[in-house]
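Visitor: I would like a close look at a single part of this model, taken slowly and with its surroundings.

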Amino acid sequence: MIKGSCLCGDIRFETAAAPQGASMCHCNQCRKQSGGVWSSAFVPDAELTITGDVGWYYASELAKRGSCPRCGSFLFWKAHDEDTTSFALGAVDGPTGLTLTKHIFTASKGDYYDIADGLPQKD
Ligand SMILES: [Zn+2]
């Protein structure tokens with residue numbers, strides 16, 4: 001079981017599913033919303049329990065982004081046409097038990113760091 005929350009605790013989530021696709025996203029939207037790189041993994045919507053009133057921002061035709069209206073933690077990313085939701089690995093309490101599989105949108109990454117872990121990178 002993975003459990004997590006936003007910084008203030010108003011939003012909580014948990015899943016018993018095995019999260020897939022653990023990755024770090026370097027896209028402009030994740031940079032802006034997280035302040036840097038956003039790490040996430042996804043589970044089926046039906047297996048993710050969210051409590052609290054998530055503030056959903058319809059960021060694009062592609063997806064919406066969920067954060068806490070009070071403390072601002074960026075917790076969720078959800079494509080409009082998929083039945084999965086990505087959750088922030090950094091918001092998980094305790095060990096995630098996961099290992100990153102890739103970096104995505106690396107063409108948009110900041111110029112103040114290098115990616116040197118040897119994982120696959122997708123532009
Ligand atoms: Zn909060």
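Which residues have the most contacts inside the largest nonpolar core, and how many residues does that core have?

Guide: In this predicted model, the largest nonpolar core has 24 residues, and those with the most contacts inside it are Ile11, Phe13, Cys30, Leu75, Phe76 and Phe87. Several strands contribute to this core, since strand E3 (20–25), strand E4 (38–44), strand E8 (74–79) and strand E9 (84–88) each supply at least two of its residues. In general, nonpolar side chains tend to be buried together in soluble globular proteins.

Cys30 repays a closer look: setting aside its neighbours within four places in sequence, Cys30 is in contact with Cys25, Gly35, Gly36, Trp38, Arg65 and Phe74. Ser40 lies in strand E4, and Ser40 counts as buried because its relative accessibility is 8%, under the 20% limit. Not counting residues up to four places away in sequence, Ser40 touches Gly21, Ala22, Ser23, Ser86, Phe87 and Leu89, and of these Phe87 is also among the core residues with the most contacts.

Four other cysteines serve the zinc ion, which is coordinated by the SG atoms of Cys6, Cys8, Cys68 and Cys71 at 2.3 to 2.4 Å. The site is tetrahedral, with angles of 106 to 114° among the four donor atoms. Within it, Cys8, in the loop between strand E1 (2–5) and strand E2 (12–15), and Cys71, in the loop between strand E7 (63–67) and strand E8, link parts of the chain 63 residues apart. Cys8 counts as partly exposed at 29% relative accessibility, and Cys71 is likewise partly exposed, at 27%.

Definitions and conventions. Residues numbered from 1 in each chain as written. Predicted model: local features only at pLDDT ≥ 70, side-chain atom pairs only at ≥ 80, totals over all residues. Heavy atoms only, no water. Donors = N, O, S within 2.8 Å, 3.2 Å for Na, K, Ca; no water. Tetrahedral: all angles 85-135°; square planar, octahedral: opposite > 155°, others 65-115°. Helix = DSSP H or I, 4+ residues; strand = E, 2+ residues; numbered from the N terminus. Buried < 20%, exposed > 50% of the residue type's maximum accessible area, 1.4 Å probe, protein only. Core = buried A, V, L, I, M, F, W, Y, C linked by side-chain atoms within 4.5 Å. Contact = heavy atoms within 4.5 Å.
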